[in-house]
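Good morning, colleagues. I should like to take you through one chain, beginning with a single residue and working outward to the overall arrangement. Please have the sequence and the model before you.

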Amino acid sequence: MTTDQFKAFDPFADTSDGIGGSGIQTALIHIRIQQRNGRKTLTTVQGVDPKYDFKKIVKAAKKEFNCNGTVVEHPEYGEVIQLQGDQREPIRMLLIKVGIAATEQIKVHGF
């Protein structure tokens, strides 16, 4: 038997791939709401790590929130997720539940 298999595992050891080695990104994610005409609103999600498939995130959000959505190429911010309606809180919970971001990394803007 080798002594390597009996070494203690340190869960707080520094890792290079995000918080706690779980693959969670380190940059801030901004969730904003934009007023359209009348009572209509758009929810935009900006700052998600490009390693994730934006189309799959939109597909899951559309199915779970019963709304429409798309991925838009913004000249300044890169790819931005747009969802119809006020989906700020549901998309925040989805990003946390799936493990794309931690609670501290999501900044919700609006009203």
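Let us begin with asparagine 66, which is exposed, its relative accessible area being 70%. I should say at once that the model is a predicted one. The cut-off for the exposed class is over 50%, so asparagine 66 belongs in that class at 70%. Asparagine 66 sits in the loop that links α1 to β3, the strand at 69-74. Its backbone also deserves a remark: although asparagine 66 is not a glycine, its phi is positive, at about 55°.

Let me now set out the chain as a whole. Two helices and five strands are present. Read from the N terminus, their order is β-β-α-β-β-α-β. Of the 111 residues in the chain, 32% are buried. As for the contacts between residues at least 6 apart in sequence, 50% join residues at least 24 apart.

I turn next to the helix pair. In general, two packed helices are described by the angle between their axes and the distance between the axes. Here, helix α1 covers residues 54-65 and helix α2 covers residues 88-98; they pack at an angle of about 125°, and their axes are 11 Å apart. That angle makes α1 oblique to α2. The crossing of α1 past α2 is right-handed. Which residues make the contact? From α1 they are Ala61, Glu64 and Phe65, and from α2 they are Pro90, Ile91, Leu94 and Lys97. By class, the residues of this contact comprise five nonpolar and two charged, with no polar ones.

Within helix α2 we also find leucine 95. Leucine 95 counts as buried because its relative accessibility is 2%, and the cut-off is under 20%. Setting aside neighbours within four places in sequence, leucine 95 is in contact with Ile29, Ile31, Val45, Ile100, Ala101 and Ile106. For one of these partners, isoleucine 106, there is a C-alpha separation to report: 8.8 Å from leucine 95, with the two positions eleven residues apart along the chain.

Strand β2 offers two residues for discussion. The strand spans residues 41-46, and glutamine 46 lies in it; threonine 43 lies in β2 as well.

Is threonine 43 buried or exposed? With a relative accessibility of 0%, threonine 43 counts as buried. Its side chain reaches the backbone oxygen of glycine 85 at 2.5 Å. Beyond residues up to four places away in sequence, threonine 43 touches Ile31, Arg32, Ile33, Ile81, Gln82, Leu83, Gly85, Asp86, Gln87 and Arg88.

Glutamine 46 is likewise buried, at a relative accessible area of 14%. Which side chain does that of glutamine 46 meet in a polar contact? The partner is the side chain of arginine 32, at 3.0 Å. Arginine 32 also appears among the residues that glutamine 46 touches, together with Leu28, Ile29, His30, Tyr77 and Val80, again not counting residues up to four places away in sequence.

Finally, we follow the chain into the loop between β2 and α1, where aspartate 49 is found. Aspartate 49 counts as partly exposed, since its relative accessibility is 25%. The C-alpha atoms of aspartate 49 and isoleucine 100 are separated by 8.4 Å, although the two residues are 51 apart along the chain. Isoleucine 100 is also one of the contacts of leucine 95.

That concludes the presentation. Thank you for your attention.

Methods: Residues numbered from 1 in each chain as written. Predicted model: local features only at pLDDT ≥ 70, side-chain atom pairs only at ≥ 80, totals over all residues. Heavy atoms only, no water. Axes fitted to C-alpha atoms, helices over the stretch in contact; angles between N-to-C directions. Helix = DSSP H or I, 4+ residues; strand = E, 2+ residues; numbered from the N terminus. Parallel < 35°, antiparallel > 145°, perpendicular 65-115°, else oblique. Left-handed = near helix turned anticlockwise from the far one by under 90°. Contact = heavy atoms within 4.5 Å. Nonpolar A, V, L, I, M, F, W, Y, C, P; charged D, E, K, R; others polar. Buried < 20%, exposed > 50% of the residue type's maximum accessible area, 1.4 Å probe, protein only. Polar contact = N/O pair within 3.5 Å; in protein donor to acceptor, adjacent residues only side chain to side chain.
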